[in-house]
Amino acid sequence: MNIQRSTLGVFACLILGALTLGGCAGPTSMPTPKAPVEMSAQTLWQMFRQQSTQRTIQAFSLDAVIHYAKQGSGHRLVVDFYGNIKSALRMDLKASVGTVISLWREDGLGVTVVIPEKQEVRRFSNATQAAAAVGMDLPFSLRQLAAILLGQFDEFLPNTAPGAVQTEQGFSYSLPDTSPFSSITLDFTGKAVHLTGHGATTWSAELTPWTSDTPGPAYEKIVVETSDKAKIVLRVRSFSVHQALMPETDLELPVM
């Protein structure tokens with residue numbers, strides 16, 4: 001009987017000890033997963049520059065739609081945008097029903113705008129002035145617009161990474177005064193997702209990458225908002241690359 005009691009006592013002590021140790025130890029903790037290695041601002045900048053230099057489109061054509069709104073009013077425009085990036089670019093603006101509103105050409109001499117309805121030809125030093133004259137806001141040149149859409153930013157940005165601040169999206173870089181852009185934000189894949197700039201007004205632009213399976217520009221949508229409450233949404237519908245430069249005759253404006 002004493003042996004039985006002794007055995008039960010030992011067994012009870014073992015159970016109590018196990019419970020006590022389990023209570024002290026608490027639940028088994030899973031190993032904490034390692035955080036992904038954070039990419040430095042310099043490394044991300046170099047990745048972005050490399051992607052940009054790999055895009056070497058010299059001539060293109062695209063069809064897009066612009067939704068423009070300001071001070072409670074707005075309209076929809078159909079856009080044909082085409083030309084040679086380093087010489088002359090054309091932009092034809094049409095109403096939804098196909099009526100031609102204005103025909104633009106930007107080259108080394110400035111911007112020329114033809115308004116067929118009025119049989120007018122007007123010349124401006126830059127695209128921002130031209131847009132204001134026809135009742136619109138456009139905070140950058142046609143060449144800069146082409147660079148943004150095509151993801152070919154090289155000529156407008158420094159080689160080395162400027163000062164950067166990490167954001168939820170990636171890194172935001174402050175750009176020097178020599179750039180037409182004030183800042184550019186890159187996501188962690190090295191794609192530009194946000195731009196800011198200043199000129200006649202300050203502005204910001206959200207960039208949406210091209211998602212179609214068919215070849216296209218780097219970005220399919222740009223949403224621009226200016227400090228004077230204008231909003232421009234440009235969405236690319238179709239795109240083609242020209243293997244050779246477009247003939248100059250294809251980029252001339254009609255004679256009024």
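These legends walk through several close-up views of a predicted model of one protein chain.

**View 1. The whole chain, to get your bearings.**
Welcome to the predicted model. Four helices and 13 strands make up the list of regular elements in the protein chain. Of its 256 residues, 42% count as buried. The accessible surface comes to about 14600 Å², and carbon and sulfur atoms account for 57% of that area. Among contacts with a separation of 6 or more, 46% join residues that are 24 or more positions apart.

**View 2. How confident is the prediction along the chain?**
The mean pLDDT of the protein chain is 85, and 85% of the residues reach 70 or more. Residues 1-37 are the stretch to treat with care, with a pLDDT below 50. Beyond near neighbours in sequence, this stretch makes zero contacts in the model. Where pLDDT is low, the predicted coordinates should not be read in detail.

**View 3. Helix 4, a mostly covered helix.**
Helix 4 spans residues 142-150, and eight of its nine residues are buried. Look for Leu 142 and Gln 144, then follow the buried run from Leu 145 through Ala 146, Ala 147, Ile 148 and Leu 149 to Leu 150. Just after the helix comes Gly 151, which has a positive phi near 70°.

**View 4. The largest nonpolar core.**
Which residues have the most contacts inside the largest nonpolar core? They are Phe 60, Phe 81, Trp 104, Phe 153 and Ile 184, in a core of 59 residues. Helix 4 gives the most to this core, with seven residues. Apart from it lies another core, of five residues, including Ala 59, Tyr 82, Ala 88 and Leu 251. In soluble globular proteins, nonpolar side chains tend to be buried together.

**View 5. Phe 60 and the residues around it.**
Leaving aside residues up to four places away in sequence, Phe 60 touches Phe 81, Tyr 82, Gly 83, Ile 85 and Leu 89, among others. Its partners also include Ala 146 and Leu 150, two buried residues of helix 4. Further along the sequence, Phe 60 touches Phe 239, Ser 240, Val 241, His 242 and Met 246.

**View 6. Aromatic rings around Tyr 173.**
The whole structure holds ten aromatic pairs. In one of them, Trp 45 and Tyr 173 sit 4.7 Å apart, centre to centre, with 50° between their planes, a tilted arrangement. This pair links helix 2 (residues 41-54), home of Trp 45, with strand 8 (residues 170-174), home of Tyr 173, across 128 residues. Trp 45 is buried, at 0% relative accessibility, and Tyr 173 is buried at 0% as well. Tyr 173 also pairs with Phe 171: their ring centres are 6.4 Å apart and their planes are at 50°, so this pair is tilted. Phe 171 is buried, as is Tyr 173. Ring pairs join Trp 45, Phe 48, Phe 153, Phe 171, Tyr 173 and Phe 188 into a cluster.

**View 7. Salt bridges between parts of the chain.**
Ten salt bridges are found in the whole structure. Asp 80 and Lys 94 form one of them, with their closest N and O atoms 3.0 Å apart. Asp 80 lies in strand 2 and Lys 94 in strand 3 (residues 89-95), so the bridge ties together parts that are 14 residues apart in sequence. Asp 80 is partly exposed at 21% relative accessible area, and Lys 94 is partly exposed at 25%.
Glu 248 meets Arg 105 in another salt bridge, at 2.7 Å from N to O. Glu 248 belongs to the segment after strand 13 (230-241) and Arg 105 to strand 4 (residues 100-107), so this bridge ties together parts 143 residues apart in sequence. Glu 248 is partly exposed, at 39% relative accessibility, whereas Arg 105 counts as buried, at 14%.

**View 8. Two glutamines with positive phi.**
Gln 71 has a positive phi near 50°, although it is a residue other than glycine. Its place is the loop between strand 1 (59-70) and strand 2 (73-84). Is Gln 71 buried or exposed? Gln 71 is exposed, with a relative accessible area of 71%.
Gln 119 is not a glycine, yet its phi is positive too, at about 55°. Gln 119 sits in the loop between strand 5 (110-115) and strand 6 (120-124), and at 64% relative accessibility it counts as exposed.

Notes: Residues are numbered from 1 along each chain as its sequence is written. This is a predicted model: local features need pLDDT of at least 70, side-chain atom pairs count only at pLDDT 80 or more; totals for chains, interfaces and linings use all residues. Side-chain values use heavy atoms; hydrogens and water are left out. pLDDT is the predictor's confidence in each residue, from 0 to 100. Contact means heavy atoms within 4.5 Å. Buried means under 20% relative accessible area, exposed over 50%, partly exposed in between (1.4 Å probe, protein chains only). A nonpolar core is a set of buried Ala, Val, Leu, Ile, Met, Phe, Trp, Tyr and Cys residues joined through side-chain atoms within 4.5 Å. Accessible areas come from the Shrake-Rupley method with a 1.4 Å probe; for residues, only the protein chains shown count as cover. Rings of Phe, Tyr and Trp (its six-membered ring) pair if their centres lie within 6.5 Å; planes under 30 degrees apart count as stacked, over 60 as edge-to-face and the rest as tilted. A salt bridge is a side-chain nitrogen of Lys or Arg within 4 Å of a carboxyl oxygen of Asp or Glu.
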